[in-house]
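Visitor: I'm new to this structure and would like a close look at a single part of it. Could you walk me through it slowly, and then show me what surrounds it?

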Amino acid sequence: MTTADELLGRLAALDKDALAKVLAHRPDVLDEPWPRRLDVVAARLAAPESIDAALLRLPMPLVQVLRAVQLCYALGRRPAPVEDVSRLLGAADVGSYVDELAERALLWWDADGIALPEPLRRNSFAAEGLGQPVANLLGELGTSRLAKLSKALGLPDAARKPELLLGLVGFFRDGERVRELFATAPEETRKLLLDMAGGVPEVQGLVPAGWAFDHGFLYGTFYGTVAMPIEVSLALRGPDHQLPFTPEEPAFEVTHTGAEAAEAAASAAALRLLDRVSAVLDLAAAEPLPLLKDGTIGARLVKKLAKDTGATPAEIELAIDLAAQAGLLVADEPPPPRRGQKAPAPTLVLDPDLARPAPALLYRLLLTTWWDPAPPEFEVDVDALVRRLVVRLAARLDPGDAITDVDALVRLAEWHAPMLPSDDFAGRVRDALGEGELLGVLAHGAATAAGRALLAPDRLVEVTDELVSRARTTALFGTDLTAIVPGSPDARLAALLDRVADREAQGTATSWRFSPASVRRAFDQGSTTGELLEDLRAVATGELPQPLVYLVNDVARRHGEAQVVDVASVVVGEPAVLAELAAHRKLAKLGLRAVAPTVLTSIVDADRTLAALREAGYAPTRHAADGSIVLPARDQAEPTVAVRDPEPGEGPPDPAGHAERLLAAPSSGPVLLRGQLARAMSDRYAGRLTPKQQQLCWQLEAGLPVDIAYGDEHLVIAYPELDGDVLDVWSLGDRTYRRLELARIELAQASTAVSLA
């Protein structure tokens, strides 16, 4: 019986609440497409990827109880007696921990003890300072060697290998007999064996301990090492030896930072990061952001953008990273260079098809991207797991309370997730704290309303809308030519002040300073005196100070005192043709002026000059500065994709609802065999399927999405099951299962590559 078959029987015996607990603890089981029946749930629960994900979320005592059960199995106690597990851990009762592991479908109660599924059974216990079971080491020996060892131990004679193995394994599992034999070993050998039993069960090279080899205390392995069996190590450690068991959380002190202060700091940080992301997007729209050759963000780019925007490098790095992960910025890979040319570096550009989200929606997009990023391929996203753990631990406390001792928080996080693979767990916790503070998820170590909303997604829209609405829309203008915004400015106010003044300081308040150069910058961008003063008065809490009005008027009066004429375009050709063009009445609007016999200058740009010449009947070509012909550019399409909040049915799956649905359905169903769908569809097409139609049937049987026409509908379907004349499929567009009549399915559609991610 496979693990999935055994799980299916146990799941079918659960009630709705118990099954809902299993689904809540193993959320990956409810990934789309939803499991049709309990047999699919069992198969997903038994998958190694799902088991690994569940193990990574186990706290320390559950991991230790699971290891004790695994050790019992390795010692041949199957199912594991509860008393043996309790004795190994030195615990009076482990029943509650076994219940929690059973709710995660990682083990379950059996009539005779605790049952462990096959994928979780172990043969090596290096983490506990133990080696392999003696049965594994004895199984590598020949019959003659087993017989010699059996005789040395004084066991009854046996001719067959299974009988020899049975007797030897029984001997070494009797700790008292092992200790009695150990007492007869030479003193030097006893010292060596005790050292290895203390936590070094395998050593490299030869060990001068002939007695230990002759009596089965040590074994040579295929890899050239010398190993001590688990049974020998435990026997030499003594009958009272226990495995580590720490059921209590590490102690930590709670500091009350104040809920209002935490929310104010978080609001300022979140709005500041939102301003940074908007600034990065604006810069990328004006000019693509260069990346390193490996496609990563370079430190030079981060420092430059930080200087240009007045941000810190950490803010810019997080802003670029989140914008890229959220799809706001996309990598633009240059075409392969020609031979002998240097390959240009890739760049980050705005996604031309994606409309810029509104501030509150943009903030939600950044939050959810940070909280639940796209998982990396073939590895665990430890950073994402750590940041979720840190926020959950902070959210357990009352609002405004925090664990300010980072070392204590690291110890607490390690207790709650001891199996997370990381060589620098403390560094990851500190990174999560820093990023959480920049995003407004944490403030002074306390979980904010935004951080708590990540754990309760139904409140995320309400909380983020309120947070973004706290942004200031007015500024205090001083007679010293400064503007101060107490709190965080909204995007419109920040853009106006950035255009006409220079940022000086940021924190709980942001200040700008006006100067002739900053005001001239606004005029250079097309502002007029009246427009600029009107915009500033609209955001001022009172009257504009006279020094600022004088400064704007003075800069406006001097603006344009010297003129630099820009030659919009140049026309090059034969002197006779150029003379004709300069005298052409229809081309007078171009302001053509001869600066050389073969050169005319135009007062309009190259595009309009080109169009006017063609309209007048000439056939000009456009050239770049290096003389190469410029091909016409394609029209820039308007954005066609908009970010939106999830609909009610698109949120996280409800374990209770799925448990009720699954228990109401049959526990198992038909399996679609290879070629079965093609045979069924051939009846639909009078026994004649085209090669393309056969290919679509095979794709469906392999679990690949396929385009079909069903009546007046166009569907993308996958994961079929055949039920007579009905095909039960998952509809990717509807995000649900559909039952389709074979007679109405049209396979004339071309297959479309669709990602199920």
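How many bridges join β17 to strand β19, and do the two run parallel or antiparallel?

Guide: Before we zoom in, keep in mind that this is a predicted model. Now to your strands: β17 and β19 are joined by four bridges, and they run antiparallel. On the chain, β17 covers residues 569–572, and β19 covers residues 599–602. If you want one pair to find on screen, look for V570, whose bridge partner in β19 is T601.

It helps to know what holds such a pair together. Strands of a sheet pair through backbone hydrogen bonds, and the pairing can be parallel or antiparallel. The side chains do something else: in a regular strand they alternate between the two faces of the sheet. You can follow that along β17. S569 and V571 make up its covered face, while V570 and V572 sit on the uncovered one. That puts V570, the residue opposite T601, on the uncovered face.

Now step back along the chain to helix α27, residues 546–558. V549 lies in this helix, and V549 counts as buried because its relative accessible area is 11%, under the 20% cut-off. Leaving aside neighbours within four places in sequence, V549 is in contact with L533, R537 and L544. There's a longer link to look at too: V549 and L481 are 68 residues apart in sequence, yet their C-alpha atoms are 9.7 Å apart in space.

A bit further back are two helices that pack against each other: α24, residues 491–500, and α25, residues 516–524. Their axes are 6 Å apart and meet at an angle of about 110°, so α24 and α25 are roughly perpendicular to each other. On the α24 side, D498, R499 and V500 take part, and they meet S518, V519, R521 and A522 in α25. Sorted by class, that contact has three nonpolar, one polar and three charged residues.

Let's go past β17 in the other direction. Helix α31 spans residues 676–684, and S682 lies in it. With a relative accessibility of 16%, S682 counts as buried. Not counting residues up to four places away in sequence, S682 touches G687, R688 and L689.

After that comes helix α32, residues 691–701, which lies across β20 (706–710) and β21 and runs at about 65° to β21. Those two strands belong to an open sheet of five, in the order β23-β22-β21-β20-β24, with antiparallel pairing. At the edges stand β23 (736–741) and β24 (745–746), and each has a single partner strand, so one side of each is left without a neighbour in the sheet. Inside this sheet, β21 (residues 713–723) and β22 (residues 726–731) are joined by five bridges and run antiparallel. A pair to find here is L722 with its bridge partner L727 in β22.

For another sheet to set beside that one, scroll to the open sheet of three strands ordered β3-β5-β4, again with antiparallel pairing. Here the edges are β3 (202–204) and β4 (219–220), each with a single partner strand, so one side of each has no neighbour in the sheet. β4 pairs with β5 (residues 225–227) in the antiparallel sense over two bridges, and Y219 stands opposite A227 in β5.

One loop residue is worth a stop. P239 lies in the loop between α14 (230–237) and β6 (255–256), and P239 is exposed, with a relative accessible area of 53%. P239 still touches R87 and R179, not counting residues up to four places away in sequence. The C-alpha atoms of P239 and L88 are separated by 9.7 Å, although the two residues are 151 apart along the chain.

Finally, the whole picture. The protein's secondary structure comes to 32 helices and 24 strands, and 42% of its 757 residues count as buried. Its C-alpha trace spans about 120 × 80 × 60 Å along the principal axes. The radius of gyration is 37 Å, whereas a compact globule of 757 residues would have one near 27 Å. As for contacts with a separation of 6 or more, 61% are between residues 24 or more positions apart.

Key:
Residues are numbered from 1 along each chain as its sequence is written. This is a predicted model: local features need pLDDT of at least 70, side-chain atom pairs count only at pLDDT 80 or more; totals for chains, interfaces and linings use all residues. Side-chain values use heavy atoms; hydrogens and water are left out. Two strands pair if DSSP finds at least two bridges between them. Buried means under 20% relative accessible area, exposed over 50%, partly exposed in between (1.4 Å probe, protein chains only). Contact means heavy atoms within 4.5 Å. Axes are lines fitted to C-alpha atoms, for helices over the stretch in contact, and angles run from 0 to 180 degrees between N-to-C directions. Angles under 35 degrees count as roughly parallel, over 145 as roughly antiparallel, 65 to 115 as roughly perpendicular and the rest as oblique. Ala, Val, Leu, Ile, Met, Phe, Trp, Tyr, Cys and Pro count as nonpolar, Asp, Glu, Lys and Arg as charged, and the others, Gly among them, as polar. The radius of gyration is taken over C-alpha atoms; the globule rule is 2.2 Å times the number of residues to the power 0.38.
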